Amino acid sequence: MRILLVEDDALLGDGVKAGLKQAGFAVDWTQDGQAAKLALETEEYALVVLDLGLPKLSGTDLLTWLRGRALKVPVLILTARDTVADRIAGLNAGADDYLIKPFDLDELIARINALLRRSAGQITLTLQHGDITLTPSTHEVKKNGQAIDLSAREFSLLHELLLHTGRVQSREQLEQHLYGWGEEVESNSVEVHVHHLRKKLGTTLIRTLRGVGYVIDKETT
Ligand code: CA
């Protein structure tokens with residue numbers, strides 16, 4: 001899952017980026033509204049964490065532009081405690097949720113996971129496929145009830161495929177979800193992660209369509 005973080009406060013931005021990476025997200029961080037706009041025009045994100053008070057282009061203006069282009073990416077806004085009017089303007093401009101500064105990193109991650117579930121049409125807290133379950137909030141994967149140890153990127157890859165069962169995703173699309181800017185992408189990384197996931201979870205879960213991409217098939221009931 002790739003997240004765009006837009007925050008001009010260097011200390012806060014740095015802390016949030018580190019926290020989100022720790023939670024297994026790929027994070028691109030921009031410090032002004034214009035740079036965020038450029039990023040949204042060129043990259044695909046699962047979610048945007050958006051500060052409202054930004055240089056060059058305000059968070060509210062960025063949001064208005066985003067929704068004007070019918071981009072459906074979920075947006076969580078960050079606002080200062082004393083700016084109720086800003087918060088209302090942000091929600092009216094199309095934000096999906098908000099947090100008031102200062103906030104707890106765990107709460108941010110919980111709200112991000114809730115928004116991601118909602119945007120994928122998932123209402124349950126745990127994704128299930130056959131004997132495999134994945135719980136984003138606790139970062140847990142189980143097979144037949146047994147906890148399986150996955151790396152952050154293996155978890156992200158499995159999460160992305162489970163959120164969109166039946167949809168074939170190319171290697172490039174999956175890389176987009178796994179890596180932020182400036183992160184070295186090894187040429188065969190997706191193949192390697194898929195290989196590890198198959199070893200840990202069984203060979204039939206992820207299907208390769210040669211030359212096209214990867215898919216976890218929808219379950220037949
Ligand atoms: Ca700010």
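Helices and strands are DSSP runs, numbered from the N terminus. This numbering is used in the legends below, and the model they describe is predicted.

**View 1. A95 sits in a loop between a helix and a strand.** The helix before this loop is α4, residues 84–92. The strand after the loop is β5, residues 97–101. Is A95 buried or exposed? A95 has a relative accessible area of 11%. The limit for buried is under 20%, so A95 counts as buried. Which residues does A95 contact, beyond its neighbours within four places in sequence? They are L63, V75, I77 and G90. E175 lies elsewhere: A95 and E175 are 27 Å apart in space, C-alpha to C-alpha. In sequence, A95 and E175 are 80 residues apart.

**View 2. Three residues donate to the calcium ion.** The protein donors are D8, D51 and G53. D8 and D51 each use OD, while G53 uses O. These donors lie 2.2 to 2.3 Å from the ion. Along the chain, their spacing reads D-x42-D-x1-G. How accessible are D51 and G53? D51 is buried, at 5% relative accessible area. G53 is partly exposed, at 49% relative accessibility. Exposed would need over 50%, so G53 falls in the class in between.

**View 3. T30 belongs to strand β2.** This strand covers residues 26–30. T30 is buried, with a relative accessible area of 4%. Setting aside residues up to four places away in sequence, T30 touches L4, L5, V6 and E7. T30 also touches A35, A36 and W181.

**View 4. The largest nonpolar core holds 42 residues.** Which members touch the most other members? They are L20, F25, L108, I112 and L158. Helix α6, residues 152–163, gives the largest share of this core, with six residues. Both domain 1 (2–119) and domain 2 (127–215) supply at least three residues to this core. In soluble globular proteins, nonpolar side chains tend to be buried together.

**View 5. L108 touches several residues from other parts of the sequence.** Residues up to four places away in sequence are not counted here. The residues touched are V16, L20, V49, L76, L99 and F103. Another core, of 20 residues, lies apart from the largest one. Among the residues of this other core are V6, L66, V75 and A95. Two of these names appeared in View 1: A95 is in contact with V75.

Definitions and conventions. Residues are numbered from 1 along each chain as its sequence is written. This is a predicted model: local features need pLDDT of at least 70, side-chain atom pairs count only at pLDDT 80 or more; totals for chains, interfaces and linings use all residues. Side-chain values use heavy atoms; hydrogens and water are left out. Donors are N, O and S atoms within 2.8 Å of the metal (3.2 Å for Na, K and Ca); water is not among the atoms, so sites may look incomplete. Buried means under 20% relative accessible area, exposed over 50%, partly exposed in between (1.4 Å probe, protein chains only). Helices (H or I, at least four residues) and strands (E, at least two) are DSSP runs, numbered from the N terminus. Contact means heavy atoms within 4.5 Å. A nonpolar core is a set of buried Ala, Val, Leu, Ile, Met, Phe, Trp, Tyr and Cys residues joined through side-chain atoms within 4.5 Å. Domain bounds come from an automatic or database domain assignment.
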